[in-house]
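Student: Hi! Could you walk me through this structure before I get back to the bench?

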Amino acid sequence: MKHILSLFIVIFPLLISAQESIVIGHKEKLYSETLNEERNYWIYLPPSYQDNNYGKASYPVIYLLDGDTHFTTAVAIQKTFTRGMYNNMPECIIVGILNTDRSRDLTPSKSSFKHNGKVLFENSGGANQFSTFIQQELRHQIDSLYRTNGYNILIGHSFGGLFTINTLLDHPLSFNAYIAIDPSLWWNNSETYIKAESKWKETQFLNRFLYIAMAQEDQAEDKQQHSSTIKQFCTHLIDSKQTNNLTAAWKYYATENHGTVIMPGIFYGLKTLFEGMELPVKEIPNNPKLIEEQYRKLSRKLHFNFIPNEILIENLAKYAISVDRKDSALELYEYNCKNYPDSHNAQKNKSKITSPLTTK
């Protein structure tokens, strides 16, 4: 027994040290001159970002409000959409912005709400400053530190959704796409909806994208304005089709409440934005040029040049080889070499398939 115990004492620390953590991101911070405080944010980088075998790709950036709450959800959806050969969105860098004073940063005006004579959300109305922080300070840091491609997406829920829509109305060119999940458009007697009504026909949105997810209508008397204002915004403005070069869509989630609508809202918001990205995988070995054709259509739709992920094309080439279409695989590897000329992996794969030993 003594020997067994001694052996356990020796082995147990080795077992503990051999365990590896599952890490989906890392923590960063910067001091904001605009907000006069230090701000924390979390970063997710795609798996291939730091793999030196692949080319130095650049990536769209998702700026996620309430990052301390929704970061893991967004990362999970990103991973789901970019695995295997059926990609529904490009790999993205995700920036989860953590809160310090949520009602201050995400609301566009001072609160007019009172309860028992006391003003609710007393420290509200700082959305303009927070918007300046994101656009001028945080984005500058992200673009300086990481390989970004200039396509930026803003996602917010509740007060974050209110902030997202206000940013679209006041600074439409600050992001390429806006996803607002059950936004708090009731704020200060629906002032954002009223502002949107007056701006909707006169603002040139210049090919921006908006998606709104609406949760089940709440029948509680004190919450009816929340649902009714979102519904008015969607049916009167988005459904009007008079959107001045804004691609807009919305969806009603009848079985989801204000809390549970977050995951399907992000999921379908991103899927709707990048609709047309998923390739007809089974047809690729017979016609590899379908990839370029489809990505050209997607780029025209989004008014931004997107190219396929290197690993996606590599997987499609391997699939082509598995169905005895080495000629198509070679074309796909050459396509990767063209898109990622600094990729050791792309060059190596092309060399393998063109060598005399593999062509016999």
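Tutor: Happy to; we can go from the overall chain to salt bridges, a pocket and a few single residues.

Student: Is this an experimental or a predicted model, and what should I keep in mind?

Tutor: This is a predicted model. Local features here need a pLDDT of at least 70.

Student: OK. How many helices and strands does the chain have?

Tutor: There are 13 helices and 10 strands in the chain. Along the principal axes, its C-alpha atoms fill a box of roughly 85 × 70 × 40 Å.

Student: And what share of the residues is buried?

Tutor: Of the 360 residues in the chain, 48% are buried. The chain exposes about 18100 Å², and carbon and sulfur atoms supply 52% of that area.

Student: What about contacts between residues far apart in sequence?

Tutor: Take the contacts with a separation of 6 or more: residues 24 or more positions apart account for 72% of them.

Student: Switching to charges: how many salt bridges does the structure hold?

Tutor: The structure holds 13 salt bridges. As background, side chains of opposite charge can pair when their charged atoms come close.

Student: Show me one. Which residue does Glu 37 pair with?

Tutor: Glu 37 meets Arg 104 in a salt bridge, at 2.8 Å from N to O. This pair links distant parts of the chain, with Glu 37 in strand β2 (residues 37-44) and Arg 104 in helix α3 (residues 102-106), 67 residues apart.

Student: Are those two buried or exposed?

Tutor: Glu 37 counts as buried because its relative accessibility is 17%, under the 20% cut-off. Arg 104 has a relative accessible area of 19%, so Arg 104 is buried as well.

Student: Got another pair, somewhere else?

Tutor: Sure. Lys 195 forms a salt bridge with Asp 170, and their closest N and O atoms are 3.1 Å apart. Here too the pair links distant parts of the chain: Lys 195 belongs to helix α6 (residues 187-199) and Asp 170 to helix α5 (residues 159-170), 25 residues apart.

Student: How open are Lys 195 and Asp 170, buried or exposed?

Tutor: Somewhere in between. Lys 195 is partly exposed, with a relative accessible area of 24%, and Asp 170 counts as partly exposed at 29% relative accessibility.

Student: Which residues get joined into a network by shared salt-bridge partners?

Tutor: Glu 37, Arg 39, Arg 104 and Asp 105 are joined into one network by salt bridges that share partners.

Student: And Glu 38, what does its side chain pair with?

Tutor: Its side chain meets that of Lys 29 in a salt bridge, at 4.0 Å from N to O. Glu 38 is partly exposed at 42% relative accessibility, and Lys 29 is partly exposed at 49%.

Student: Let's change topic. What is the volume of the second largest pocket?

Tutor: The second largest pocket has a volume of about 390 Å³. Its lining has 26 residues, and Ala 57, Ser 58, Ile 307, Pro 308 and Tyr 340 lie nearest its centre.

Student: What kinds of residues make up that lining?

Tutor: The lining divides into 14 nonpolar, eight polar and four charged residues. Strand β3 (59-64) and helix α10 (310-322) each supply at least two of the lining residues.

Student: Now some single residues. Where is Leu 138?

Tutor: Leu 138 lies in helix α4 (residues 127-145). Its relative accessible area is 0%, so Leu 138 is buried.

Student: What does Leu 138 touch?

Tutor: Leaving aside neighbours within four places in sequence, Leu 138 is in contact with Leu 30, Tyr 41, Tyr 63, Val 95, Ile 97 and Phe 133. Leu 138 and Tyr 41 are 97 residues apart in sequence, while their C-alpha atoms are 9.2 Å apart in space.

Student: And Asn 349?

Tutor: Asn 349 is in helix α12 (residues 344-354) and counts as buried at 9% relative accessibility. Not counting residues up to four places away in sequence, Asn 349 touches Glu 314 and Tyr 333.

Student: Any backbone oddities I should look at?

Tutor: Try Ser 190, which has a positive phi of about 60° although it is not a glycine. Ser 190 lies in helix α6 and is buried, at 9% relative accessibility. His 303 also has a positive phi, of about 55°, without being a glycine. His 303 sits in the loop between α9 (289-302) and α10, and is partly exposed at 48% relative accessibility.

Key: Residues are numbered from 1 along each chain as its sequence is written. This is a predicted model: local features need pLDDT of at least 70, side-chain atom pairs count only at pLDDT 80 or more; totals for chains, interfaces and linings use all residues. Side-chain values use heavy atoms; hydrogens and water are left out. Helices (H or I, at least four residues) and strands (E, at least two) are DSSP runs, numbered from the N terminus. Buried means under 20% relative accessible area, exposed over 50%, partly exposed in between (1.4 Å probe, protein chains only). Contact means heavy atoms within 4.5 Å. On a 1 Å grid over the protein atoms alone, a cavity is a set of points where a 1.4 Å probe fits but cannot get out, and a pocket is an open set with protein on both sides within 12 Å along at least five of seven lines; lining residues have an atom within 4 Å of a point. Grid points are joined across faces, edges and corners, and a volume is the space filled by probe spheres set on the points. Ala, Val, Leu, Ile, Met, Phe, Trp, Tyr, Cys and Pro count as nonpolar, Asp, Glu, Lys and Arg as charged, and the others, Gly among them, as polar. Accessible areas come from the Shrake-Rupley method with a 1.4 Å probe; for residues, only the protein chains shown count as cover.
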